[in-house]
Structure formats: structure tokens, C-alpha cells
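I opened this notebook to record what I looked up, entry by entry, with the sequence and the coordinates side by side.

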Amino acid sequence: GATFGATQYSEVTIHTLAANSYVTPVVRGQTGASSGYQLENAGPTGSSYTNFQILAQIAGSNHTFGPKTQIKLQVGDVIRLQVVTGSDGFPVLSAYQNGYLILQVEDYKNYFTTGYPGINIYTTTLVNAMVSAWDGGNVPISYLSGAGHAIMF
């Protein structure tokens, strides 16, 4: 088994997403329970807009925090959820669509301090929600200093 630090990411590439289905990246997921930080998004792809929100799922029950926005998901979109521990000790969660930051929230309740990256898929018919790729792991963060500034990548 792989080990993961508290700083991690999960990303999916959308293949198919029909109405009333979702494909959700998960970070700091918990074993043996339907728990972890998730990025809520629902289908269908194409003409309909979807709600996009970061939440904590605890034993299958959603606890929302932060803003909700709308995006248009397309087949081939890469959706990423990333978590790092902020300088104040609370998790900072960032949601991306195709490399662009869409949402960022801080969890002042500190629901999860450790866990695993993963994916949560819901659909009533298997072919209605599929991914063509999934990736997850530790987030490599480095700091370079010089000339009075720092660069994070």
C-alpha cells in the first residue's frame, strides 16, 4: 500500500457524464466510511451548467462550506481537487477545471487531517458516468527564494 501525506490531490478526466450523475475527486478520504473532502459536480456535460462546490462528506452526509459556483463541464475536462495545510494549520482546498483555479476554501472545522486520494462516482446506469483517466497522490510543493520573493510550484 502507498502512503500519502496530508498534502494531496485527486483529478479525473471526464469521459461521460449524464444527467443526475456525478464524478467526484476525493482527497483525505477515509477507509471504511464514505468520508473525505469532495468536489461536488453533476451532469450532464455540454449545454447544461453544473453546481461546483467543495464539501466534506462524513459517513455519507454532506457538510458544505464556502461558495458554490457554476461551470460548464465538457467531455475531456480535467477536474482536480487539491488540499494543503495552510500556515494557520487548517486545510486549504483548491478546485481546478483544466488547470484553472475555480474555487478555493479553507476548512476551519478541520474535518480531516489525513487520508487518501480517490474518486466517488454516482450514477443509476453505469455508462452514464465514466472517467477516461484518474490520477492522485502527494502534491509536490517546493519553495525557491531569491531577489526578495518566493515562488511556489
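Before reading any strand partners, I noted that two strands pair if DSSP finds at least two bridges between them. With that in hand, I found that Val12 stands opposite Ile79 in E6, and I kept in mind throughout that this is a predicted model.

**Entry: confidence**

I looked up the pLDDT, which averages 83 over the protein, with 88% of the residues scoring at least 70. Among the elements, strand E7 (residues 91-97) has the highest mean pLDDT, 95, and strand E12 (residues 149-152) the lowest, 39. Over residues 142-153 the pLDDT is below 50, and beyond near neighbours in sequence this stretch has 12 contacts in the model. Where pLDDT is low, the predicted coordinates should not be read in detail.

**Entry: overall make-up**

I counted elements next, and the protein has 12 strands and 0 helices. Of its 153 residues, 39% count as buried, and the accessible surface comes to about 8000 Å², of which 53% belongs to carbon and sulfur atoms. I also checked how far apart in sequence the contacting residues lie: of the contacts with a separation of 6 or more, 56% are between residues 24 or more positions apart.

**Entry: the open sheet**

In which order do the strands of the open sheet run? I read the order as E8-E7-E6-E1-E10, 5 strands with antiparallel pairing. Strand E8 (100-106) and strand E10 (129-138) are the edge strands, each of which pairs on one side only. Neighbouring strands of this sheet are turned by 15 degrees against each other on average, direction ignored.

I then went through the pairings around E6. Strand E1 (residues 8-17) and strand E6 (residues 78-85) pair in the antiparallel sense over 6 bridges, and, besides the Val12 and Ile79 position, Thr13 stands opposite Val78 in E6. E6 and E7 also pair in the antiparallel sense, over 7 bridges, and the partner of Ile79 in E7 is Gln97. Ile79 thus appears twice in my notes, opposite Val12 and bridged to Gln97. E6 and E7 form a hairpin with 5 residues between the strands, where Gly89 takes a positive phi near 90 degrees. E6 is mostly covered, with 6 of its 8 residues buried.

**Entry: E2, E3 and the hairpin between them**

I looked up E2 and E3, which pair in the antiparallel sense over 3 bridges, with Val27 opposite Tyr37 in E3. The two strands form a hairpin with 4 residues between them, and Gly32 in the turn has a positive phi of about 75 degrees. Why is E3 largely enclosed by the rest of the structure? I wrote down that 5 of the 6 residues of E3 are buried, so E3 is largely enclosed.

**Entry: positive phi outside glycine**

Most residues other than glycine have a negative phi, and I therefore set down two residues that depart from this. Arg28 has a phi near 50 degrees and sits in strand E2 (residues 22-30). Is Arg28 buried or exposed? Its relative accessible area is 1%, and buried means under 20%, so Arg28 is buried. Ala59 has a positive phi of about 50 degrees as well, but lies in the loop between strand E4 (50-58) and strand E5 (61-71). Its relative accessible area is 61%, and exposed means over 50%, so Ala59 is exposed.

**Entry: the nonpolar core**

I asked which residues touch the most other members of the largest nonpolar core. Of its 22 residues these are Tyr37, Ile54 and Leu93, and the elements that give two or more residues to this core are E1, E2, strand E3 (35-40), E4, E5, E6, E7 and E8. Leaving aside neighbours within four places in sequence, Ile54 is in contact with residues including Phe65, Leu81, Leu93, Leu103 and Val105.

**Entry: Ile102**

Last, I looked up Ile102, which lies in strand E8 and is partly exposed, with a relative accessible area of 30%. Ile102 and Ile71 are 31 residues apart in sequence and 8.7 Å apart in space, C-alpha to C-alpha. Beyond neighbours within four places in sequence, the contacts of Ile102 are Phe52, Thr69, Ile71, Ala95, Tyr96 and Gln97.

Notes
Residues are numbered from 1 along each chain as its sequence is written. This is a predicted model: local features need pLDDT of at least 70, side-chain atom pairs count only at pLDDT 80 or more; totals for chains, interfaces and linings use all residues. Side-chain values use heavy atoms; hydrogens and water are left out. Axes are lines fitted to C-alpha atoms, for helices over the stretch in contact, and angles run from 0 to 180 degrees between N-to-C directions. pLDDT is the predictor's confidence in each residue, from 0 to 100. Contact means heavy atoms within 4.5 Å. Buried means under 20% relative accessible area, exposed over 50%, partly exposed in between (1.4 Å probe, protein chains only). Accessible areas come from the Shrake-Rupley method with a 1.4 Å probe; for residues, only the protein chains shown count as cover. A nonpolar core is a set of buried Ala, Val, Leu, Ile, Met, Phe, Trp, Tyr and Cys residues joined through side-chain atoms within 4.5 Å.
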